[in-house]
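Me: Hey, can you walk me through this structure? I'm new to this, so plain words please.
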Amino acid sequence: MGGIRNPGSGIRSSSESGIRAPVLLLGYGNELRGDDGIGPAVARAVEAWGIPGVEVIEAHQLTPELSDPISKAGLAIFVDAAAEGDSVAVKRVLPDEAAGPTAHAGDPAKLLGLAKLVFGHAPEAWYVTVPAPDMAFREGLSPEAEAGVAEALERIRALIAG
């Protein structure tokens, strides 16, 4: 990607913290599958920053129930492990308006579409993926995934700052 684009207007700014708020970060994945735990690891790191106006949700997978907090955000950031690729990727996500009600909403675009359909609002959203070279049954991240997490955190800090 040629860099992170400056997001459009409509996102409120928190004068106290200097961030665009409200921000929702969703880190998801299975921590019992090695590097698939990247999303939860990033979520915990962002939560530890303690930035006012930033809410963090750590999940095993994306579910329809998440459409409610997503609909209340001004900016949503989804973080997941990527089985393919060799670098951290940051991509804009648009709502999949054809999503409709479903028992599963395991993809950010569909979840955004569901938020818009049910609650009338889908925030600006970004999808951050980190290469996950080792998704074997084990706990903990590989050194490659740890390096990717560090890079992802830098990119996420920039997204939050706007």
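**Helix α1 and its surroundings**

Reply: Let's start with helix α1: at 1.5 Å a residue, its twelve residues should span 16 Å, and the end C-alpha atoms are 17 Å apart, which agrees. The expected span of a helix is 1.5 Å times one less than its number of residues. Helices (H or I, at least four residues) and strands (E, at least two) are DSSP runs, numbered from the N terminus.

Me: Okay, and where do the numbers come from?

Reply: This is a predicted model, where local features need pLDDT of at least 70, side-chain atom pairs count only at pLDDT 80 or more, and totals for chains, interfaces and linings use all residues. Residues are numbered from 1 along each chain as its sequence is written, and side-chain values use heavy atoms, with hydrogens and water left out.

Me: Which residues of α1 are buried?

Reply: Ile38, Gly39, Pro40, Ala41, Val42, Ala43 and Val46. Buried means under 20% relative accessible area, exposed means over 50%, and partly exposed is in between (1.4 Å probe, protein chains only).

Me: What covers them?

Reply: The cover includes β3, β4, β5, β7 and α4. Right after α1 comes Gly50, with a positive phi near 65 degrees.

Me: Zoom out a bit. How many helices and strands are there?

Reply: The chain has four helices and seven strands. Along the sequence they follow the pattern β-β-β-α-β-α-β-β-α-β-α. The chain has 162 residues, and 49% of them count as buried.

Me: How many residues are in the largest nonpolar core?

Reply: There are 28, and those with the most contacts inside this core are Leu25, Ile38, Val42, Val46, Ile77, Val128 and Ile156. At least two core residues come from each of β3 (23-28), α1 (38-49), β4 (54-59), β5 (75-82), β7 (124-131) and α4 (143-161). The most come from α4, which gives seven residues. A nonpolar core here is a set of buried Ala, Val, Leu, Ile, Met, Phe, Trp, Tyr and Cys residues joined through side-chain atoms within 4.5 Å.

Me: What does Ile77 touch?

Reply: Leaving out neighbours within four places in sequence, Ile77 is in contact (heavy atoms within 4.5 Å) with Val23, Leu24, Leu25, Leu26, Trp126, Val128, Ile156, Leu159 and Ile160. Another core, of 19 residues, lies apart from the one with 28, and its members include Ile57, Leu62, Leu66 and Ala125.

Me: Val23 was on that list. Is it buried or exposed?

Reply: Val23 is buried, because its relative accessible area is 1%. You'll find Val23 in strand β3. Beyond the neighbours within four places in sequence, Val23 is in contact with Gly53, Val54, Glu55, Leu75, Ile77 and Ile160.

Me: New topic: how many salt bridges are there?

Reply: The count comes to seven, where a salt bridge is a side-chain nitrogen of Lys or Arg within 4 Å of a carboxyl oxygen of Asp or Glu. One of them joins the side chains of Arg44 and Glu58, at 2.7 Å from N to O. That pair links distant parts of the chain, with Arg44 in helix α1 and Glu58 in strand β4, 14 residues apart.

Me: Why would side chains like that pair up?

Reply: Side chains of opposite charge can pair when their charged atoms come close.

Me: Got another one?

Reply: Sure, Glu97 and Lys116 form a salt bridge, with the closest N and O atoms 2.9 Å apart. This pair also links distant parts of the chain: Glu97 is in the loop between β6 (89-93) and α3, Lys116 is in helix α3, and they sit 19 residues apart. Glu97 counts as exposed, because its relative accessibility is 55%.

Me: What about one inside a single helix?

Reply: Arg155 and Glu151 form a salt bridge, with the closest N and O atoms 3.5 Å apart. Both lie in helix α4, four residues apart, about one turn of the helix.

Me: Last one: where is Phe137?

Reply: Phe137 is in the loop between β7 and α4. Phe137 counts as exposed, because its relative accessibility is 71%. Phe137 and Arg33 are 104 residues apart in sequence, yet 4.6 Å apart in space, C-alpha to C-alpha. Setting aside neighbours within four places in sequence, Phe137 is in contact with Leu32 and Arg33.
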